[in-house]
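Reader: I'd love a close look at one strand in this model and at what surrounds it. Could you walk me through it slowly, and then show me a few other spots worth a visit?

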There are 2 protein chains.
Amino acid sequence: MKVNGTEYRTIWMEGKSVYMIDQNHLPWEFSIFRSDDYRTTCRAIKDMTTRGAGAIGAAAGFAMAQAFMDAPAQNFEEYIADARQTIMDTRPTARNLFYAVELVYETGKQSTDAAIKQAQRIAEKDIADSRAIGSFGNELINSGANILTHCNAGWLAFVDYGTALSPVYTAHAAGKEVFVWADETRPRGQGARLTAWELNNAAIPHSIIADTAGASLMAQGKVDMVITGADRIAGNGDTANKIGTLEKAIAAKHFGIPFYVAAPTSTVDLACKTGADIVIEERNPDEVLYQTGPDAQGVIRKIRVASPGSTAFNPAFDVTPASLISGIITEKGIVDSAKDNLLDLLNRL
Amino acid sequence: MKVNGTEYRTIWMEGKSVYMIDQNHLPWEFSIFRSDDYRTTCRAIKDMTTRGAGAIGAAAGFAMAQAFMDAPAQNFEEYIADARQTIMDTRPTARNLFYAVELVYETGKQSTDAAIKQAQRIAEKDIADSRAIGSFGNELINSGANILTHCNAGWLAFVDYGTALSPVYTAHAAGKEVFVWADETRPRGQGARLTAWELNNAAIPHSIIADTAGASLMAQGKVDMVITGADRIAGNGDTANKIGTLEKAIAAKHFGIPFYVAAPTSTVDLACKTGADIVIEERNPDEVLYQTGPDAQGVIRKIRVASPGSTAFNPAFDVTPASLISGIITEKGIVDSAKDNLLDLLNRL
């Protein structure tokens, strides 16, 4: 996607260098972080310089390829084994990460050149999947549509295009008029910070709203559809996504508004039969109690936004049952998981 | 209610002085603002040193009484007429304010002493109504209940006890175990700031949650009931309250959890037949785009929490239809507006 008129990917590799948009500085500052070895790339994954399922997968694959390029002949195998473990330790719960590391590791047994090509292929596949999701999702969007999205499942979370926002980009590129309501997405504010930044760069009309405003807009007929991403999809179509997704799905159902989830099929986790098998991560209460951002002078400040004597409860995700989801937009097509068996359908598509 | 062990009201009058808890400094600092004349009291209403339906009504009545005490004999009527107009101009949409001013103004025609007594009566009536709401609401609360509330309809918004929180205080005083989930209530954060502050002072177990977390807690059986306040109730029971209330009501209905509104009968507006007649105020987008609070050194900072290129849409209230409300807890009793005609019921009670 374009930033100030120049085409960028969220992350890419040229020679031995991995480049990534520094997401710790967004939306206040746009800068590219460069990593010349796998250890630096690992640190960038760990400190969230790059984040989001697809982007982390690509970063992990690139890091493994960097290790093959740097491994000294005298203790090649030890170096590679160390690197593989170090990369896997960066974000222990990121599924895409393990998949990418293993793929590049196995291919690297043939040659370093094969490892590099495999890492690039992972990134290209991420882009192709995102584009396919955009193409299928675009068919659901009428010109003039007002689309509500929660959190950030845009191109910053993947290598390019993204999932929930990819249909919006495709529709916009096809000349359709689209307007996006971007939920702030407290506590971390990915909607107000990253989704709004993406949409602003793509010149797509949008407005940030507090997480409290969605149902009211739906009641007034100001929302035509909801599209969100997914962190994990159970075998029956129940979907774990950023906290607050469930509430929008319930409100959408109440008002008869279509609610779509956009995600590559790799998000389906066969180990989870239903949403009840998905464990909800509880995060640091400080994310609710404090906010960070620049003051009028551009100095980044951390302030308390809650009463000093109180604490907070901070679940990171919630589970939206398949019955509330109108369809899951995948790279293979759109699946109605409420009606059909998700896995059978995915296999048929 | 008690603050650090000392009993306080939100606002009170002694002699010619009106005292009020300075709500612009809460929750960071507890201080009492003193006003010795009606003009200072007017400024305090205008700049929200005191806020909330009941507290504003009491402040307006006290201001009118202050004017009677200060009015010079030589141009008594002009002075009183000026004061009446100045008070009414402070918060043009506050219904309680007009009611209180008129009552004290009319009574003051008898004597200044009568005006003072009338102003005190208005404040006492506010407290009596809040206590009655607490008593009726308490009957709905079982020991061990987890209660979710949105925004601040506690004693800070009234003269004492409040509406949505009054049943909680009554239940707690009766020895019941209660736990409160306090919605942050973006954009202005009244839940995280004022409700949490109140509950902390009352030593009632509670936790602040992001506005995104309510439905997820309901899905896990962690919410037994929802109680909110009301800014205005239409004749059919449709209720306008802080933005985000509608979403909680829809989620509560979805999970079969009772959803109550607590408000004095004076909140019912006969001019509004249904919620469709209630105009929704749109406020400054900056409330969504910026946050204010103290940094680690206690210096109050204003920071941006949204992408610089984007703007926000900021509706202040939403309307919850009577069909989603299990009951309206009033000072006269609990009304089931979904089943019965609200006005008939109120008249019978």
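Author: Happily! Let's begin with strand β4 of chain A, residues 17-21: 5 of its 5 residues are buried, so the strand is largely enclosed by the rest of the structure. Please keep in mind that this is a predicted model.

Which way do the side chains of β4(A) point? A:Ser17, A:Tyr19 and A:Ile21 point one way, A:Val18 and A:Met20 point the other way, and all of them are buried. That fits a general pattern: in a regular strand the side chains alternate between the two faces of the sheet.

Next, the partners of the strand. Strand β3 of chain A, residues 11-14, runs antiparallel to β4(A), and 4 bridges join the two. If you want a spot to find this pairing on screen, look for A:Trp12, whose bridge partner in β4(A) is A:Tyr19. The hairpin of β3(A) and β4(A) has 2 residues between the strands, and in this hairpin A:Gly15 takes a positive phi near 60°.

β4(A) also pairs with strand β5 of chain A, residues 32-35, in the antiparallel sense and over 4 bridges. Here A:Ile21 is the residue to look for, as it stands opposite A:Ile32 in β5(A). The loop between β4 and β5 of chain A holds A:Pro27, and the peptide bond that joins A:Leu26 to A:Pro27 is cis, with omega about -5°. In general, most residues other than glycine have a negative phi, and most peptide bonds are trans.

A cis bond is also found in chain B, from B:Arg186 to B:Pro187, with omega near 10°. B:Pro187 sits in the loop between β7 and α7 of chain B.

For backbone angles, go to the start of chain A. A:Asn4 has a phi near 50°, which is positive although the residue is not glycine. A:Asn4 lies in the loop between β1 (2-3) and β2 (6-7) of chain A. Is A:Asn4 buried or exposed? Its relative accessibility is 69%, so A:Asn4 counts as exposed. In chain B, B:Asn4 likewise has a positive phi, near 50°, and a relative accessible area of 70% makes B:Asn4 exposed.

A buried loop residue gives you a contrast. A:Thr163 is in the loop between β6 (145-149) and α6 (166-173) of chain A, and because its relative accessibility is 2%, A:Thr163 counts as buried. Beyond its neighbours within four places in sequence, A:Thr163 is in contact with A:Ile133, A:Ala153, A:Phe158, A:Gly229, A:Ala262, A:Ala263 and A:Pro264.

Now to the sheets of chain B. An open sheet of 7 strands has the order β8-β7-β6-β9-β12-β16-β17, and its pairing is mixed. At its edges are β8 (206-209) and β17 (334-335) of chain B, each of which pairs on one side only. Within this sheet, β6(B) and β7(B) pair in the parallel sense over 5 bridges, with B:Phe179 of β7(B) as the bridge partner of B:Asn146.

Helix α6 of chain B, residues 166-173, has several buried residues: B:Ser166, B:Pro167, B:Val168, B:Tyr169 and B:Ala171. The elements that cover them include α5, β6, β7, α7 and β9 of chain B. Just after α6(B), B:Gly175 takes a positive phi of about 90°.

Chain B also has an open sheet of 3 strands in the order β10-β11-β15, with antiparallel pairing. Strand β11 of chain B, residues 239-242, pairs with β15(B) over 4 bridges, and B:Lys242 stands opposite B:Phe317 in β15(B). Helix α9 of chain B, residues 245-255, lies across β11 and β15, running at about 30° to β15(B).

Let's finish with a pair of helices. The axes of α2 (residues 53-70) and α4 (residues 95-108) of chain B come within 8 Å and cross at roughly 25°. Angles under 35 degrees count as roughly parallel, and that makes α2(B) roughly parallel to α4(B). Residues in this contact include B:Ala60, B:Met64 and B:Phe68 of α2(B), and B:Leu97, B:Val101 and B:Tyr105 of α4(B). By class, the contact has 11 nonpolar, 5 polar and no charged residues. The crossing of α2(B) past α4(B) is right-handed.

Conventions:
Residues numbered from 1 in each chain as written. Chains lettered and ligands numbered in written order. Predicted model: local features only at pLDDT ≥ 70, side-chain atom pairs only at ≥ 80, totals over all residues. Heavy atoms only, no water. Buried < 20%, exposed > 50% of the residue type's maximum accessible area, 1.4 Å probe, protein only. Contact = heavy atoms within 4.5 Å. Pairing = 2+ DSSP bridges. Axes fitted to C-alpha atoms, helices over the stretch in contact; angles between N-to-C directions. Parallel < 35°, antiparallel > 145°, perpendicular 65-115°, else oblique. Left-handed = near helix turned anticlockwise from the far one by under 90°. Nonpolar A, V, L, I, M, F, W, Y, C, P; charged D, E, K, R; others polar.
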